[in-house]
Amino acid sequence: MIAPEFEIKDIKLAPSGHKKIDWVRKNCPLLRSLEDEFKKTQPFKGIKVALSVHLEAKTAYLSLVLKAGGAEMYVTGSNPLSTQDDVAAALADDGICVFSQYGCSDSEYMENIRRVLSHHCNIIIDDGGDLVHMLHTEMRDEIQYVIGGCEETTTGIIRLMAMNRKNELEFPMVCVNNADMKHLFDNRYGTGQSVWDGIMRTTNLVVAGKYVVVSGYGWCGKGVSMRAKGLGARVIVTEVDPVKAIEAWMDGFEVMQMRKAAPIGDFFVTVTGDKHVITVDDMKLMKDGAVLSNAGHFDVEIDMAGLKEAALSTIDQRKNIKGYEICPGKFIYVLGEGRLVNLACGDGHPAEIMDMSFAVQALSARYLVEHRHFNEKLIKVPHEIDLEIAERKLKTLGISIDSLTDEQRAYLDSSCIDE
């Protein structure tokens with residue numbers, strides 16, 4: 001059902017959304033196997049789940065998998081520009097409570113979060129930390145119903161770590177992003193591909209031969225840089241971490257400060273999780289026609305407020321491309337209002353990638369329900385879950401690998417080395 005004040009205006013969109021979800025289902029063998037298993041075992045029977053993840057077809061299918069396991073689902077998006085209304089309509093048509101719509105205002109977005117959390121939810125599935133933040137600020141009375149939660153992304157875990165250091169986190173959260181079967185593939189290959197999908201479909205510009213400046217060389221930055229290189233770009237990396245800077249250099253990329261990279265770059269991609277990575281002073285140094293995009297969770301990496309104040313004029317150049325006259329006669333262009341470019345301007349990560357990531361989410365949520373009581377507030381994804389997902393994934397790929405013999409296992413466990 002849909003709350004009246006957030007009603008999707010055209011339920012006729014649902015058939016389009018159903019087709020998108022069906023395409024994802026066909027390309028997510030891990031989630032399909034979990035859906036079949038959950039239907040039989042009902043691990044979430046009697047459990048209410050609050051979910052705030054970018055609301056497109058992969059997220060919708062995760063919601064349906066959890067529902068198949070008995071969960072009562074309350075769903076919203078995690079970004080005002082990443083909800084696909086036809087997918088939201090399809091979920092509502094399938095009997096899931098949905099509070100989300102594309103292009104909502106910031107106040108509407110926060111109200112959607114409140115409506116999801118008002119149902120005494122037991123499991124929190126978060127992407128960026130907005131559900132957890134709301135529970136610890138405005139809606140503390142709802143914490144009594146929470147068993148625990150799962151955090152999807154790097155930015156959300158940074159927020160959780162800050163809360164935990166201050167002893168403010170009041171229920172356990174599984175750090176899904178840190179699981180090997182999540183960050184090694186989702187952050188690197190998923191972000192790498194989906195960021196360039198979003199940039200290229202929005203700009204319709206060639207990447208080959210251009211200078212691409214990537215800010216941040218974590219797993220996401222590595223993926224964005226690798227894909228840019230594969231497209232024929234010349235890649236410059238900016239970093240604040242000396243170890244990561246050396247890693248970028250040895251991976252074959254130029255490394256320099258943003259102030260030096262600004263006049264060189266044709267495309268800029270921020271992926272740091274921090275604010276004001278690109279400042280107005282940097283923008284004033286850029287070429288006429290430079291394209292700026294953000295691949296971090298929040299729209300703070302590019303100083304959009306400063307840019308809007310400094311701009312002499314603006315132009316809506318194309319859908320999701322806004323031009324800002326930063327100096328007389330010189331325009332720079334920002335994609336998707338500086339929000340997460342792979343979702344504001346695209347469909348997000350490929351289905352096969354999210355199949356692994358959301359399998360981690362589903363099994364981590366089940367782990368919370370099964371165990372319920374934890375001494376720590378920040379919980380690592382159990383290694384057994386990583387291994388289970390990896391083994392299932394290999395099976396879907398038709399790949400067999402070797403296993404250790406008893407003799408080899410004993411040798412590795414021994415402190416002695418045979419001569």
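Reader: Let's start with helix α7. How many residues does α7 have, and how far does α7 reach from its first C-alpha to its last?

Author: Happy to start there. This is a predicted model, so keep that in mind as we go. Helix α7 covers residues 154–165, which is 12 residues, and spans 17 Å from first C-alpha to last. At 1.5 Å a residue one would expect 16 Å, and the value found is close to that.

Reader: Which residues of α7 are buried?

Author: T155, G156, I157, L160 and M163 are the buried ones. They pack against helix α6 (130–137) and against three strands: β5 (148–151), β6 (173–175) and β15 (378–379).

Reader: What happens to the backbone just after α7?

Author: A general idea helps here. Most residues other than glycine have a negative phi. Just after α7, N167 has a positive phi of about 60°.

Reader: Where do Q42 and H276 lie, and what are their phi values?

Author: Q42 sits in the loop between α2 and β1 (48–52), and its phi is near 50°, positive although Q42 is not a glycine. With a relative accessibility of 29%, Q42 counts as partly exposed. H276 belongs to the loop between β10 and α12 (280–284). The phi of H276 is near 55°, again positive in a residue other than glycine. H276 is partly exposed too, at 37% relative accessible area.

Reader: Now the sheets. In what order do the strands of the 7-stranded sheet run?

Author: Follow the strands from one side to the other: β3-β2-β1-β4-β5-β6-β15. This is an open sheet, and its pairing is parallel. The edges are β3 (97–98) and β15, each having a single partner strand, so one side of each has no neighbour in the sheet.

Reader: Can you show me one pair inside that sheet?

Author: Take β1 and β4 (residues 123–126), which pair in the parallel sense over 4 bridges. Within this pair, S52 stands opposite D126 of β4. Helix α6, met earlier as a packing partner of α7, lies across β1, β4 and β6 and runs at about 130° to β4.

Reader: What is the strand order in the sheet of 8 strands, and what is its pairing?

Author: The order is β9-β8-β7-β10-β11-β14-β13-β12, in an open sheet with mixed pairing. Here β9 (254–255) and β12 (314–318) are the edge strands; each has a single partner, so one side of each is left without a neighbour in the sheet.

Reader: How do β11 and β14 pair?

Author: β11 (residues 291–294) and β14 (residues 330–335) pair in the parallel sense, over 2 bridges. L292 stands opposite V334 in β14.

Reader: Which strands does helix α8 lie across?

Author: Helix α8 (residues 180–203) lies across β7 (211–215), β10 (267–270), β11, β12, β13 (321–327) and β14. Its direction is at about 140° to β10.

Reader: How should I read the packing of two helices?

Author: Two packed helices are described by the angle between their axes and the distance between the axes. Try α2 (residues 29–41) with α15 (residues 351–371): the angle is about 30° and the axes are 8 Å apart. That makes α2 roughly parallel to α15, since angles under 35 degrees count that way.

Reader: Which residues bring α2 and α15 together?

Author: From α2 come P29, L30, L31, L34, E37 and F38, and from α15 come D355, M356, F358, A359, A362, L363 and R366. Sorted by class, this contact has 10 nonpolar, no polar and 3 charged residues.

Reader: And what are the angle and axis distance for α2 with α3?

Author: For α2 and α3 (residues 57–68), the angle is about 20° and the axes lie 8 Å apart. That makes α2 roughly parallel to α3. The contact involves L31, R32, L34, E35, F38 and K39 of α2, together with Y61, V65 and A68 of α3. By class, it has 6 nonpolar, no polar and 3 charged residues.

Reader: One last residue: is D386 buried or exposed?

Author: D386 counts as buried, at 8% relative accessibility. You will find D386 in helix α16 (residues 383–397). Leaving aside residues up to four places away in sequence, D386 touches A179, D180 and M181. Its C-alpha is 21 Å from that of S63, a residue 323 places away along the chain.

Methods: Residues are numbered from 1 along each chain as its sequence is written. This is a predicted model: local features need pLDDT of at least 70, side-chain atom pairs count only at pLDDT 80 or more; totals for chains, interfaces and linings use all residues. Side-chain values use heavy atoms; hydrogens and water are left out. Axes are lines fitted to C-alpha atoms, for helices over the stretch in contact, and angles run from 0 to 180 degrees between N-to-C directions. Angles under 35 degrees count as roughly parallel, over 145 as roughly antiparallel, 65 to 115 as roughly perpendicular and the rest as oblique. Contact means heavy atoms within 4.5 Å. Ala, Val, Leu, Ile, Met, Phe, Trp, Tyr, Cys and Pro count as nonpolar, Asp, Glu, Lys and Arg as charged, and the others, Gly among them, as polar. The expected span of a helix is 1.5 Å times one less than its number of residues. Buried means under 20% relative accessible area, exposed over 50%, partly exposed in between (1.4 Å probe, protein chains only). Two strands pair if DSSP finds at least two bridges between them.
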